[in-house]
Amino acid sequence: VFQVCAVNQQGKTVFNRQVRRNRLMALLLDHPGAVVAMEACSGSNYWGRELEQRGYAVKLIPPQHVKPFVKGNKNDRNDAFAISEAARRPKMRVVAPRSLEQTDMILLHRIRERRVRARTALLNQMRGLLSEYGIVLPAGAATLRKALPLLLEDAENGLTIAARRYLQDLFGEWLDLDERIREADHSIQVLARESPAASRLMGIRGVGVMIATAALAKLGRGEQFKNGRQFSACLGLVPREHSSGGVQKLGGISKRGDDYLRRMLIQGAWSVIHYAEGRHDRLSQWALQVKERRGKHKAVIAVANKLARIIWALVRHETTYCPT
């Protein structure tokens with residue numbers, strides 16, 4: 001069921017009731033011209049697209065922006081009214097519904113990320129199981145992959161018959177995950193080749209196939225952000241602030257928003273810093289100056305912030321990156 005709260009222009013509740021999923025669209029169609037506000041959550045992008053196609057103005061509001069407007073105890077009625085209150089605020093930040101192309105891209109990235117995490121968990125489990133038999137290997141997936149077949153063949157290393165069978169099953173699971181991750185990588189590369197915007201983004205130093213497609217899945221056409229700084233702030237790449245009484249206190253980055261894209265941008269920034277020596281483009285020279293002045297860790301965050309701003313500018317204005 002959905003909890004639907006309707007308010008008039010003065011903010012007074014007209015009705016606030018539960019509606020079954022198969023009756024929701026019919027109810028909304030009875031109120032043409034209404035502004036429809038929802039929390040940005042699973043399924044909200046689908047409803048947003050469907051309503052926009054029918055001419056409705058749609059506002060998807062992040063849950064953390066709705067919470068301050070909840071009055072009394074938390075329940076569906078109070079939550080629905082809080083969404084209507086938040087939607088009426090003139091400066092409330094809203095999220096645009098994702099297009100089908102964006103949804104396809106982010107779906108593929110999320111599937112790949114889950115498989116990578118499953119593989120990491122599997123490797124850690126295999127190392128833990130081997131240590132129960134006194135077998136401790138150096139860190140690294142390549143080391144484990146090279147040593148495991150030899151361990152399974154060695155009859156004098158203390159592994160029991162049952163342990164060898166279980167480890168062989170886990171090794172097969174590992175190989176299967178590797179194959180599925182390679183398939184996801186290939187699909188992402190195909191999406192990048194078919195997207196002119198992704199091709200333009202990959203011209204930026206430090207931005208490859210993964211960052212380009214993940215950024216497009218997040219940005220769309222970039223219309224929801226006024227400038228590049230808003231996009232970088234959305235990714236949590238700006239300082240956390242706790243100021244009062246005219247005293248400004250800035251801390252580390254806020255780490256808000258999309259942590260997946262933020263991590264990837266930071267990885268891309270590390271590559272920019274690593275290969276900046278000997279390069280004469282403006283980004284590399286600027287990165288070296290920041291590194292010399294503030295240290296490599298702060299330089300990496302600064303470069304990631306700049307990459308986010310450049311990405312927004314190229315997507316929003318449909319331009320090509322000029323490195324000189």
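Start your tour at Glu 318, which is exposed, with a relative accessible area of 55%. You are looking at a predicted model, so treat each stop as a feature of that model. Glu 318 sits in the segment after α13 (296-317). Its phi is near 55°, a positive value in a residue other than glycine. That is worth a second look, because most residues other than glycine have a negative phi.

**Stop 2: another positive phi**

Now select Lys 255, in the loop between β6 (250-253) and α11 (259-274). Is Lys 255 buried or exposed? With a relative accessibility of 58%, Lys 255 counts as exposed. Its phi is positive too, near 60°, and Lys 255 is a residue other than glycine.

**Stop 3: helix α1**

Next, select residues 21-29, which make up helix α1. Colour Leu 24, Met 25, Leu 27 and Leu 28: these are the buried residues of the helix. Where do they sit around the axis of α1? They cover an arc of only 160°, which puts them on the same side of α1. Turn the view to find their partners: the buried residues of α1 pack against β1 (2-7), β2 (13-19) and α2 (44-53).

Zoom in on Leu 24, which lies in this helix. Its relative accessibility is 8%, so Leu 24 counts as buried. Not counting residues up to four places away in sequence, Leu 24 touches Phe 2, Val 4, Val 19 and Trp 47. Pick Phe 2 from that group and draw a distance between the two C-alpha atoms: Leu 24 and Phe 2 are 22 residues apart in sequence and 7.5 Å apart in space.

**Stop 4: helix α2**

Trp 47 makes a handy bridge to the next stop, since Trp 47 is one of the buried residues of α2. Select the whole of α2 and ask how many of its ten residues are buried. Seven of them are, so α2 is largely enclosed by the rest of the structure. Besides Trp 47, the buried residues include Ser 44, Asn 45, Gly 48, Arg 49, Glu 50 and Leu 51. As a group, the buried residues of α2 pack against β1, α1, β3, β4 (57-61) and α5.

Click on Asn 45, found in this helix. At 16% relative accessibility, Asn 45 counts as buried. What does Asn 45 contact, leaving aside its neighbours within four places in sequence? Show Leu 60, Ala 96, Pro 97 and Arg 98, which are its contacts. For a sense of scale, add Gly 246: the C-alpha atoms of Asn 45 and Gly 246 are separated by 41 Å, and the two are 201 residues apart along the chain.

Before leaving, step just past the helix to Gly 55, where phi is positive, at about 90°.

**Stop 5: Glu 113 in helix α5**

Select residues 100-131 to show helix α5, then find Glu 113 in this helix. Glu 113 is buried, with a relative accessible area of 18%. Show Tyr 260 and Arg 263 as well: Glu 113 is in contact with both, leaving aside neighbours within four places in sequence. Then look across to Arg 23, which is 90 residues from Glu 113 in sequence and 36 Å from it in space, C-alpha to C-alpha.

**Stop 6: a pocket**

Switch on a surface and look for the second largest pocket, with a volume of about 1,200 Å³. Which of its 42 lining residues are the closest to its centre? Select Gln 3, Cys 5, Ala 37, Met 38 and Ile 83 to mark them. Several elements you have already visited help to form the lining: β1, β2, α1 and α2 each supply at least two residues, as do β3 (35-39), α3 (63-66) and α4 (76-87). Colour the lining by type and you should find 26 nonpolar, eight polar and eight charged residues.

**Last stop: the cysteines**

How many disulfides does the structure hold? The number is zero. Try Cys 41: the nearest cysteine sulfur, that of Cys 5, is 16 Å away, and Cys 41 is in no disulfide. Cys 41 is partly exposed, with a relative accessible area of 45%. Finish with Cys 234, which is also in no disulfide; the nearest cysteine sulfur here is that of Cys 41, 17 Å away. Cys 234 counts as partly exposed too, at 22% relative accessibility.

Methods
Residues are numbered from 1 along each chain as its sequence is written. This is a predicted model: local features need pLDDT of at least 70, side-chain atom pairs count only at pLDDT 80 or more; totals for chains, interfaces and linings use all residues. Side-chain values use heavy atoms; hydrogens and water are left out. A disulfide is a pair of cysteine sulfur atoms within 2.5 Å. Buried means under 20% relative accessible area, exposed over 50%, partly exposed in between (1.4 Å probe, protein chains only). Helices (H or I, at least four residues) and strands (E, at least two) are DSSP runs, numbered from the N terminus. The arc is that of the directions from the helix axis to the C-beta atoms. Contact means heavy atoms within 4.5 Å. On a 1 Å grid over the protein atoms alone, a cavity is a set of points where a 1.4 Å probe fits but cannot get out, and a pocket is an open set with protein on both sides within 12 Å along at least five of seven lines; lining residues have an atom within 4 Å of a point. Grid points are joined across faces, edges and corners, and a volume is the space filled by probe spheres set on the points. Ala, Val, Leu, Ile, Met, Phe, Trp, Tyr, Cys and Pro count as nonpolar, Asp, Glu, Lys and Arg as charged, and the others, Gly among them, as polar.
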